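Colleague: I am new to this structure and would be grateful for a close look at a single part of it.

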Amino acid sequence: MFKAQLNTNTLKSKVDKNIYGHFSEHLGRCIYGGLYVGENSDIPNVDGMRLDVVEALKAVKIPVLRWPGGCFADEYHWMDGIGPKNERPSMINTNWGGVTEDNSFGTHEFLRLCELLGCEPYINGNLGSGTVREMSQWVEYLNSDNISPMTELRKKNGREKSWGVKYFAVGNENWGCGGNMRPEYYADEYRRYATYCRNYGDNKLVKVACGPNANDFKWTETIMRLCRGHMDALSLHNYVWRWKDSATEIDDEKYFDVVRDALSMEFLVEQHSKIMDQYDPGKRIALFVDEWGAWYKAMEGTNPGFLYQQNTMRDSVVAASILNIFNNHSDRVRMSNIAQVVNVIQALILTEGDKMLKTPTYHIYDLYKEHQDATLIGCDILENDEYSVEMRRPPMPPEHEGHHHPPKEIKSVNISATRAEDGSICATLCNVNHEKSISCSLSLVGNSYSEVSARILTSERYDDINTFEEPEKITLKPFTTNLSGSEITFELPPFSTFALII
């Protein structure tokens with residue numbers, strides 16, 4: 001049994017729409033073949049951007065898109081990706097598959113994609129192998145309307161007015177692929193680079209410092225202590241890391257282990273937030289969880305460096321549960337970017353030639369889109385079943401699991417609820433329990449409501465997937481609830497996610 005009380009007039013933090021953001025890296029088929037097919041492709045496109053993917057992402061109200069990496073960002077030199085395409089130099093993508101990158105998708109192409117999507121661009125600068133001058137000039141190229149060599153170069157390349165890019169990260173994973181730096185060293189480098197990332201006109205740059213890998217609390221403490229006056233956000237990267245396991249060959253233990261690990265995101269957000277609170281009690285500095293998702297072994301027969309994997313109902317439970325966590329901690333978490341949007345790791349969309357399908361994770365974003373820019377409301381959980389599976393194999397070691405010792409039991413249902421400007425309430429609930437349906441009861445306190453609509457994502461098996469032969473096997477369906485007075489009751493099937501609008 002799950003019982004909760006929704007206090008509809010108890011308003012908390014705003015759920016920033018950017019919590020529902022996405023990530024696109026020059027990795028595998030995310031950009032080429034996924035988002036971008038080129039102007040001469042037979043696949044319907046606008047300026048090379050494939051229309052089916054663009055329309056699918058617009059349907060879930062994509063708010064922000066991160067680019068060009070990831071690890072690729074700290075070996076990317078932006079000037080290689082501007083100007084006539086036949087004059088752009090190629091490079092080897094040393095991080096992902098050792099393939100040749102021809103730089104046909106660069107700054108102008110990315111920002112055109114964001115215009116088509118109607119979303120904010122989030123650009124990640126190269127601190128690891130770049131220079132201060134290179135990063136400073138990129139910001140000027142993006143955002144200045146003054147007369148200068150960079151603005152003249154932009155105009156020569158076909159863009160008269162600046163784009164006004166708001167979100168800019170100064171390096172990526174500089175504790176690892178971005179330079180293997182110590183936190184103290186990165187802090188000094190961040191301060192130096194960030195100094196020259198200028199504001200132009202009325203556009204104020206949101207400067208994002210490289211934050212920790214999972215449970216590296218020392219990194220967070222060091223960066224907050226040394227850089228808090230120079231940054232607007234701190235990133236956090238954390239994956240459900242199962243790189244030796246198949247994405248689709250699942251048993252009860254593997255299902256439970258992955259879901260339990262996903263729920264540990266709450267521990268990480270709480271602990272890093274506590275450290276940030278010591279140095280920023282007013283919560284001026286946001287936490288951007290700009291890489292997260294379930295990461296399994298690449299699909300058999302594909303380039304291991306392309307990180308292409310299928311996406312099951314289990315992954316929908318991962319996404320739903322983590323998004324509920326972000327909503328409930330939206331006082332500090334103000335952006336997240338699932339990895340990655342197309343064809344890589346926990347993708348929303350898979351493509352194969354001219355075919356496209358929406359994964360179960362895509363449907364979670366469709367289900368949750370009403371939370372964007374709404375306000376978190378009070379939610380008191382009164383009753384919630386415990387859920388566990390007898391584990392024969394040991395849990396992942398802490399350095400991979402990224403959190404404290406995993407609990408033997410977890411709660412069956414997680415929830416978040418928001419109120420929109422028009423007064424409507426959106427509540428999203430996920431039953432992570434793979435064994436049984438959960439009877440649910442929501443009591444509404446504060447206002448009277450007479451109408452309820454609901455949709456659900458459910459399927460017969462937790463390893464069910466959508467395929468190019470059967471792309472609509474898993475999709476959202478209307479769902480009936482019972483509203484009696486101020487109480488809503490319904491039965492939530494195993495490994496399902498449900499959203500109601502009141």
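Which residues line the second largest cavity?

Modeller: Please note that the model is a predicted one. The second largest cavity has a lining made up of Asn238, Tyr239, Val240, Asp261, Ala262, Ser264, Met265, Trp292, Gly293 and Ile322. Three elements, β11, α7 (252-263) and β12 (286-296), each give two or more residues to this lining. Among them, β11 provides the largest share, with three residues. Sorted by class, the lining of the second largest cavity comprises six nonpolar, three polar and one charged residues. The space enclosed there is about 40 Å³.

To set this part in context, the structure holds three cavities of 30 Å³ or more. The largest cavity likewise contains about 40 Å³ of space. Its lining consists of Arg66, Asn124, Ala169, Gly171, Asn172, Glu173, Val208, Ala209, Cys210, Ser235, His237 and Asp290. At least two residues of that lining come from β10 (206-209), and at least two come from β11 (233-242). The strand β11 therefore deserves attention in both places, as β11 contributes to the lining of the largest cavity and also supplies three residues to that of the second largest cavity. In the largest cavity, the lining residues divide into four nonpolar, five polar and three charged, whereas the second largest cavity is lined by six nonpolar, three polar and one charged residues.

Methods. Residues numbered from 1 in each chain as written. Predicted model: local features only at pLDDT ≥ 70, side-chain atom pairs only at ≥ 80, totals over all residues. Heavy atoms only, no water. 1 Å grid on protein atoms, 1.4 Å probe; cavity = no way out; pocket = protein on both sides within 12 Å on 5 of 7 lines; lining within 4 Å. Points joined across faces, edges and corners; volume = space filled by probe spheres on them. Helix = DSSP H or I, 4+ residues; strand = E, 2+ residues; numbered from the N terminus. Nonpolar A, V, L, I, M, F, W, Y, C, P; charged D, E, K, R; others polar.
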